[in-house]
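Here is a friendly tour of one model, with the geometric rules spelled out along the way. Have the viewer ready and follow along.

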Amino acid sequence: MAENQENKLNEEEQVEVTVEKKLVALYTLQQIDSKIDKIRIQRGELPEEVQDLEDEVAGLETRIENYNEEIKKYKTDVTNFKIKIKETQAKIKKYQDQLDNVRNSREYDSLQKETEYESLEIQLCEKKIHECTLKMEDVKKNLTETEEKVEERKSYLEGKRSELNTLIEETEKEEKTLMAQSAESESVIEDRLLAAYKRIRKGARNGLAVVNIERDACGGCFSRIPPQHQLDIRIHKKIIVCEYCGRILVDDDIIEQYKSMN
């Protein structure tokens, strides 16, 4: 009987140690992840700014390519219209030469109509050349403005990239160290508990999934914690979460253990 009671006490003690270790591991992981968050917050919106600028420059460069294609097309059209004008002028000359050798009025009228038609074709081609030239000038103007804008945005982008790279260089070593520590801490936490931690952290403001009790309240949402729950938290028999925000709660003893390890 006495032996059974002793075994039961040993089992309870083992459970207590196991839960306590889990809580210390979770709180340690939270502190490491919070430090990583702080580094990334220091970078602020710079990565997004750089990405937006890169996208903007890429869009402007695509626009420049399209403008150049338009200009190329207008030049080709103008060249084709000029070729057509020369061909039409040759036809008119041929008709005019034939006029000197007409045998009747009907043949004369027919050649005259052909000459008038070809003359209208020349006028139409000249009008098209004029239109293409005007449109091409507009596109060239847009092209120049866009090229200037690209240079301005590229210069701004380089400044932002330099700023981001400097910030990354300053924090990269620390972040890598913390990331390794985070992975190491994750490895000692069971999968189910780690998944719960990540889920809570993802949905929690400030990325806090594990918080301590502050003045009888949850350190995350500041809702009051009932005395019985506070007692459960302090004896480390099981993992307790805030009934309002779902964060994992720890007491000062867990925090002290964390501090003693660091």
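The sulfur of Cys221 lies 3.6 Å from the closest cysteine sulfur, that of Cys242, which is too far for a bond. The rule applied here takes a disulfide to be a pair of cysteine sulfur atoms within 2.5 Å. This is a predicted model, in which local features need pLDDT of at least 70 and side-chain atom pairs count only at pLDDT 80 or more, while totals for chains, interfaces and linings use all residues. Residues are numbered from 1 along each chain as its sequence is written, and side-chain values use heavy atoms, with hydrogens and water left out.

**Cysteines**

Cys245 tells a similar story: its closest cysteine sulfur, in Cys218, is 3.7 Å away, too far for a bond. By the rule above, the count comes to zero disulfides. For accessibility, buried means under 20% relative accessible area, exposed over 50%, and partly exposed in between (1.4 Å probe, protein chains only). The table puts the two cysteines side by side.

| Cysteine | Closest cysteine sulfur | Sulfur distance | Relative accessible area |
|---|---|---|---|
| Cys221 | Cys242 | 3.6 Å | 26%, partly exposed |
| Cys245 | Cys218 | 3.7 Å | 28%, partly exposed |

**Strands**

Helices (H or I, at least four residues) and strands (E, at least two) are DSSP runs, numbered from the N terminus. Two strands pair if DSSP finds at least two bridges between them. Three strands form an open sheet with mixed pairing, in the order E2-E1-E3. Its edge strands, each pairing on one side only, are E2 (217-218) and E3 (248-250). E1 (residues 210-214) runs parallel to E3, and three bridges join them. Val211 stands opposite Leu249 in E3.

**Nonpolar core**

A nonpolar core is a set of buried Ala, Val, Leu, Ile, Met, Phe, Trp, Tyr and Cys residues joined through side-chain atoms within 4.5 Å. The largest one has 19 residues, and those with the most contacts inside it are Leu26, Tyr27, Ile189, Tyr197, Val210 and Val250. H1, helix H4 (191-203), E3 and H6 each supply at least two residues of this core, and H1 gives the most, with seven residues. Elsewhere, Leu164 is found in helix H3 and counts as buried at 10% relative accessibility. The C-alpha atoms of Leu164 and Tyr27 are separated by 31 Å, with their positions 137 residues apart along the chain.

**Empty space**

On a 1 Å grid over the protein atoms alone, a cavity is a set of points where a 1.4 Å probe fits but cannot get out, and a pocket is an open set with protein on both sides within 12 Å along at least five of seven lines; lining residues have an atom within 4 Å of a point. Grid points are joined across faces, edges and corners, and a volume is the space filled by probe spheres set on the points.

The largest pocket has a volume of about 300 Å³. Its lining has 16 residues, of which Ala25, Thr28, Ile32, Ser185 and Met261 lie nearest its centre. Helices H1 (2-43), H3 (105-187) and H6 (252-261) are the elements giving two or more residues to that lining, with H1 giving the most, seven residues.

One cavity of 30 Å³ or more turns up in a search of the whole structure. The largest cavity has a volume of about 50 Å³, and its lining includes Cys242, Tyr244 and Leu249.
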